[in-house]
Each structure stands twice: as C-alpha cells, then as structure tokens.
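Welcome, and thanks for taking a look at this one with us. Below is a short briefing to read alongside the sequence and the 3D view.

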Amino acid sequence: MLKKLLSSTAIAALTFMPTAAFAQTATYYSDYYQGRLTASGEVFNTWDYTAAHPYYAFGTVLRVTNLNNGRAVTVRVNDRCNCSIDLSKAAAGQIGLISAGRAPVAIDVVR
C-alpha cells in the first residue's frame with residue numbers, strides 16, 4: 001500500500017543517509033573562513049577539529065579516514081557545505097590532506 005502512495009524515488013529520498021560504503025571526497029576550508037560564522041552560529045577556528053557536511057546534524061561526531069593512506073581523524077560537524085565533507089585545516093593536516101587538497105574518504109558516525 002505504501003509503495004502505491006509513494007514513488008520509489010520518494011522512498012529512496014526519505015531513507016538516504018551517507019555511509020562509509022558511499023565513496024565521498026574530502027576537501028578543507030581555506031584560511032579565508034577563519035573567524036567567520038559557521039551555519040551553526042559558531043565562529044570558525046581552523047585549528048579546531050571540525051567539519052562541514054551537507055546532511056549530518058550539528059554536533060555529530062564523525063571519524064573521517066583518508067582512503068589513500070589509511071590515516072583517520074575525529075571531527076565535529078558545525079557547518080554546512082555543498083560538497084561531500086569540508087574539514088578544518090587542523091583535521092585535514094591530521095589525515096594528510098593539505099598537499100593533495102582533496103582525497104577519497106570513508107565517513108563513520110561516532111556519535
């Protein structure tokens with residue numbers, strides 16, 4: 001009965017949440033954003049372990065693993081972005097993302 005009421009596209013849209021199996025690309029914030037307000041209302045600090053993500057709720061703690069080198073970092077979502085995930089410069093440095101600028105990552109929810 002539910003399938004008759006909702007199209008398969010609508011059902012898929014309601015249940016989609018990114019997982020580690022879903023390939024994502026990480027980038028990092030430029031220094032331009034230092035001191036500016038994030039979407040959550042916090043002041044952005046490039047040396048905090050934070051991230052911007054289009055879906056996860058503010059305050060969600062994520063483990064981001066660089067699939068090129070296996071290095072991982074734990075970050076807290078405090079902003080929004082139009083890409084897979086944007087890391088603070090401190091977090092990006094922890095997983096070796098600074099020189100490359102972008103890398104494929106796995107994202108796991110810690111809490």
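## A barrel and its core

In this predicted model, Leu62 touches Tyr56, Val73, Thr74, Val75, Val77, Ile85, Ile107, Asp108, Val109 and Val110, leaving out residues up to four places away in sequence. Leu62 is also among the residues with the most contacts inside the largest nonpolar core. Around that core, six strands close into a barrel.

**Overall make-up**

- The chain has three helices and six strands, and from the N terminus on these elements follow the order α-α-β-β-β-β-β-α-β.
- Of its 111 residues, 34% count as buried.
- The chain exposes about 6500 Å², and carbon and sulfur atoms supply 56% of that area.
- Among contacts with a separation of 6 or more, 67% come from residues 24 or more positions apart.

**The barrel**

- Going round the barrel, the strand order is 1-5-2-4-3-6, with mixed pairing.
- From one strand to the next, the twist averages 45 degrees.
- Strand 1 (residues 24-28) runs parallel to strand 5, and three bridges join them.
- Two of the bridge partners in strand 5 are worth finding in the viewer: Ile85 is the partner of Ala26, and Asp86 is the partner of Thr27.
- Strand 1 also pairs with strand 6, here in the antiparallel sense and again over three bridges.
- On the strand 6 side, Pro104 stands opposite Thr25.

**The nonpolar core**

- How many residues make up the largest nonpolar core? It has 17, and those with the most contacts inside it are Leu62, Val64, Val75, Ile85, Leu87, Leu97 and Ile107.
- Two or more residues come from each of strand 3, strand 4 (72-79), strand 5 (85-87), helix 3 (89-94) and strand 6 (103-109).
- As general background, nonpolar side chains in soluble globular proteins tend to be buried together.
- The contacts of Leu62 include Val75, Ile85 and Ile107, three residues that are also listed among those with the most contacts inside the core.

**Ala103, in strand 6**

- Ala103 is found in strand 6, and is it buried or exposed? Ala103 counts as buried because its relative accessibility is 3%, under the 20% cut-off.
- Leaving out residues up to four places away in sequence, Ala103 touches Gln24, Thr25, Ala26, Asn66, Asn68 and Leu97.
- Of these, Thr25 and Ala26 also appear in the strand 1 pairings: Thr25 stands opposite Pro104, while Ala26 has Ile85 as its bridge partner.
- Thr65 lies 38 residues away from Ala103 along the chain, and their C-alpha atoms are separated by 9.7 Å.

**Thr60, between strands 2 and 3**

- Thr60 sits in the loop between strand 2 (50-52) and strand 3 (61-66).
- Although it is a loop residue, Thr60 is buried, with a relative accessible area of 13%.
- A polar atom of the Thr60 side chain lies 2.7 Å from the backbone oxygen of Ala57.
- Beyond its neighbours within four places in sequence, Thr60 is in contact with Val75, Arg76, Val77, Val109 and Arg111.
- Val75, Val77 and Val109 are contacts of Thr60, and these three also touch Leu62.

**Two residues between strands 1 and 2**

- Where is Arg36 placed? Arg36 is in the loop between strand 1 and strand 2, and Thr38 is found in the loop between strand 1 and strand 2 as well.
- Arg36 counts as partly exposed at 40% relative accessibility, whereas Thr38 counts as buried at 8%.
- The side chains of Arg36 and Tyr32 are joined by a polar contact of 3.1 Å.
- The side chain of Thr38 makes a polar contact of 2.9 Å with the side chain of Ser40.
- Setting aside residues up to four places away in sequence, Arg36 touches Glu42, Val43 and Phe44.
- With neighbours within four places left aside, Thr38 is in contact with Phe44, Asn78 and Asp79.
- Phe44 is thus a place to look for both residues: it is touched by Arg36 and is in contact with Thr38.

Technical notes: Residues numbered from 1 in each chain as written. Predicted model: local features only at pLDDT ≥ 70, side-chain atom pairs only at ≥ 80, totals over all residues. Heavy atoms only, no water. Helix = DSSP H or I, 4+ residues; strand = E, 2+ residues; numbered from the N terminus. Buried < 20%, exposed > 50% of the residue type's maximum accessible area, 1.4 Å probe, protein only. Polar contact = N/O pair within 3.5 Å; in protein donor to acceptor, adjacent residues only side chain to side chain. Contact = heavy atoms within 4.5 Å. Core = buried A, V, L, I, M, F, W, Y, C linked by side-chain atoms within 4.5 Å. Pairing = 2+ DSSP bridges. Axes fitted to C-alpha atoms, helices over the stretch in contact; angles between N-to-C directions. Areas by Shrake-Rupley, 256 points an atom, 1.4 Å probe, with all protein chains shown as cover.
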